[in-house]
Amino acid sequence: MGKRQANVITEVAARGLCCGCGVCAGVAGAGCLAMRMGREGQYAPAQQGPCTECGLCLGVCPFFVKKAFQPDDPLGPVTSIHVGWSAVPGERERAASGGLVTRTLTALLDRGDVDRVVVVGDTGDPETWFAPMVTADREAVQAAAGSKYAPVEFSGAIGTILAEEGRYAVVGLPCATSGLRLAARKVPVLGRRLRYLFGLVCGHNNTRQYTRFLAAKAGVSGPLRRAVYRLKSDRDGGAFGYGFQAEAPDGRLSSVVPFTGLPSFLWGRRFFAWNCCFYCADVFGSEADASFMDAWLPEYYRVPAGTSIVVTRSAEIRELLEQEIAEGRVVAEPLPREAVLQAQAGAIWYKHRAVGTLLADGNRTAHSLYEWAPAGQPWAPDRETLRAFRQHRRYAAWSRRLGRGYGTPLGWLSHRALELLVGWVRFREQTERRLAARLRWVWRGFQALARHLEKNQ
Ligand SMILES: Cc1cc2nc3c(=O)[nH]c(=O)nc-3n(C[C@H](O)[C@H](O)[C@H](O)COP(=O)(O)OP(=O)(O)OC[C@H]3O[C@@H](n4cnc5c(N)ncnc54)[C@H](O)[C@@H]3O)c2cc1C
Ligand code: SF4
Ligand code: SF4
Ligand code: SF4
């Protein structure tokens, strides 16, 4: 029997840890690895040509290179923090939150600080929906605004950057920016050309089946051409007043599903979540030159147009932002560090608690990914947290597995099975809540009776 080759396929993807970022395939080249969409609706590397075990793919993989677990410093180094929005007409409306990513990328192009940027745009292709696009076209950057809660992979964009001289800025999720940072250190050409990396704060991401499930519920079953996850559709809903909408290949639009309904139910319980997200402690993309996020703070909840927070880690990006503010293209004010931590408290709690608990519990996968100094860390595997994570991991695994039928003639069966799973979880939670309410009621009655008897003794 031949020796098993050690590369990202055997060491990362086979262990269910791949986030599908495509950095490995991008640097390794098409003669070696290529990204493929798997049956569960997530990208992973596949062998294209012979492997010489050079180790390059492993050395750039965010889920292979060991990192420190740093719950005490989730933000990483900070140069400035602002809260605000783009004042350029249309930018904020089209954006996920306040449009500061789109504004920053456009300003970099306008000032000539970079030659091209990499944004995730609609492909209009029912096979891919979205893909990173390398562009200098301001309209393409504007059209790419908005969050895509679906897999995207960067191997093609990295190939372009390696092939074409220039200065580039890339926006991605923390896993992708961390892989790109590793690649920039390993591959000198990439290091020279990747001028800025921008991170989107991330709680977790989902397989394509999340989108297919929502689309089918909203009236577009079968192939999709496009999906919009944050259509600012309900002004009364404030910052949470956005919805999901899908478009069929013939241009037919689905109804708009409010985020606070089914999407939020699925999101909160990690249905369709990638397995690697349960092992990811990077909330902010702390290796990026700037991180962008929603201003989930009480003073901005009621603002339906959306508000962004931006944390810069580079004097150049801070200076660019200050110039945009001074010239009226951005409305923003400084924000204290504590407010950022407050705005992202949910994501920080979940991700740090998940990884910290796994580490404290002696989970071998978590220990293979993180350097951990148990002394000084407050984590202990408490039963409630472990129970919740295990439940979420089960929901994620079951929904990924059941979703395998989408895109095949048995797609309707997959969808039906997923509906039953979601319905069962909803029913179970409601029953548990009702039972808990009854028990509280009985307990209060019992206490009242005890008080009454005591008084009348
Ligand atoms: C999967 C996911 C999870 C997120 N989780 C959180 C969270 O928990 N808390 C929070 O505050 N914010 C989260 N965000 C970030 C948030 O949704 C906004 O992207 C952020 O507030 C920036 O908004 P904006 O209006 O400045 O960006 P915009 O001006 O709308 O620009 C967004 C840019 O991001 C790019 N982009 C969109 N989707 C992707 C993607 N999947 N991969 C790479 N690039 C992409 C677009 O091409 C565009 O250039 C998440 C985003 C994603 C995609
Ligand atoms: S040849 Fe190198 S880069 Fe290619 S798969 Fe093997 S180890 Fe990875
Ligand atoms: S670099 Fe990205 S795509 Fe490649 S194996 Fe690692 S996580 Fe997966
Ligand atoms: S939680 Fe981590 S691994 Fe998952 S999508 Fe977000 S950054 Fe990537």
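Select ligand 3 and the residues around it in this predicted model, and you will find a shell that is made up, by class, of 13 nonpolar and 3 polar residues, with no charged residues among them. In total 16 residues surround ligand 3, and the closest of them, which you can label one by one, are V8, C18, C21, C24 and C61.

Next, move to ligand 1 and display its surroundings, where 32 residues are found, with A95, V101, T102, G203 and M293 coming nearest. If you colour this shell by class, you will see 19 nonpolar, 11 polar and 2 charged residues around ligand 1. Which helices and strands each supply at least two residues of this shell? Highlight helix α5 (100–111) together with the strands β5 (116–122), β7 (168–172) and β12 (290–294), since each of these supplies at least two residues of the shell around ligand 1.

Two of these strands also lead to the next stops. From β5, follow the chain into the loop between β5 and β6 (130–135), where W129 lies. Although W129 is not a glycine, this residue has a positive phi of about 65 degrees. Is W129 buried or exposed? With 23 other C-beta atoms within 10 Å, W129 is buried, because 20 or more such neighbours are enough to count as buried.

Now select F272, which is found in the loop between α11 (262–268) and β12. F272 is likewise not a glycine, and its phi is positive, at about 70 degrees. Inside 10 Å, F272 has 31 C-beta neighbours, and therefore this residue counts as buried.

For a pair of helices, select α15 (residues 345–360) and α17 (residues 383–402), whose axes come within 10 Å and cross at roughly 105 degrees. The two helices α15 and α17 are therefore roughly perpendicular to each other. Where they meet, show the side chains of R353, A354 and T357 in α15, and those of T385, L386 and F389 in α17. By class, this contact of α15 with α17 has 3 nonpolar, 2 polar and 1 charged residues.

Finally, zoom out and show the whole protein chain as a cartoon, in which the secondary structure comes to 18 helices and 15 strands. The C-alpha atoms fill a box of roughly 90 × 65 × 55 Å along the principal axes. A compact globule of 457 residues would have a radius of gyration near 23 Å, and the protein chain agrees with this, because its own value is 23 Å. Of the 457 residues, 45% count as buried.

How values were computed: Residues are numbered from 1 along each chain as its sequence is written. Chains are lettered from A and ligands numbered from 1 in the order in which they are written. This is a predicted model: local features need pLDDT of at least 70, side-chain atom pairs count only at pLDDT 80 or more; totals for chains, interfaces and linings use all residues. A residue is near a molecule or strand if its C-beta atom, placed from the backbone, lies within 6 Å of it. Ala, Val, Leu, Ile, Met, Phe, Trp, Tyr, Cys and Pro count as nonpolar, Asp, Glu, Lys and Arg as charged, and the others, Gly among them, as polar. Helices (H or I, at least four residues) and strands (E, at least two) are DSSP runs, numbered from the N terminus. The radius of gyration is taken over C-alpha atoms; the globule rule is 2.2 Å times the number of residues to the power 0.38. A residue is buried if 20 or more other C-beta atoms lie within 10 Å of its own, exposed if 12 or fewer, and partly exposed in between; C-beta atoms are placed from the backbone. Axes are lines fitted to C-alpha atoms, for helices over the stretch in contact, and angles run from 0 to 180 degrees between N-to-C directions. Angles under 35 degrees count as roughly parallel, over 145 as roughly antiparallel, 65 to 115 as roughly perpendicular and the rest as oblique. Two residues are in contact if their C-beta atoms, placed from the backbone, lie within 7 Å.
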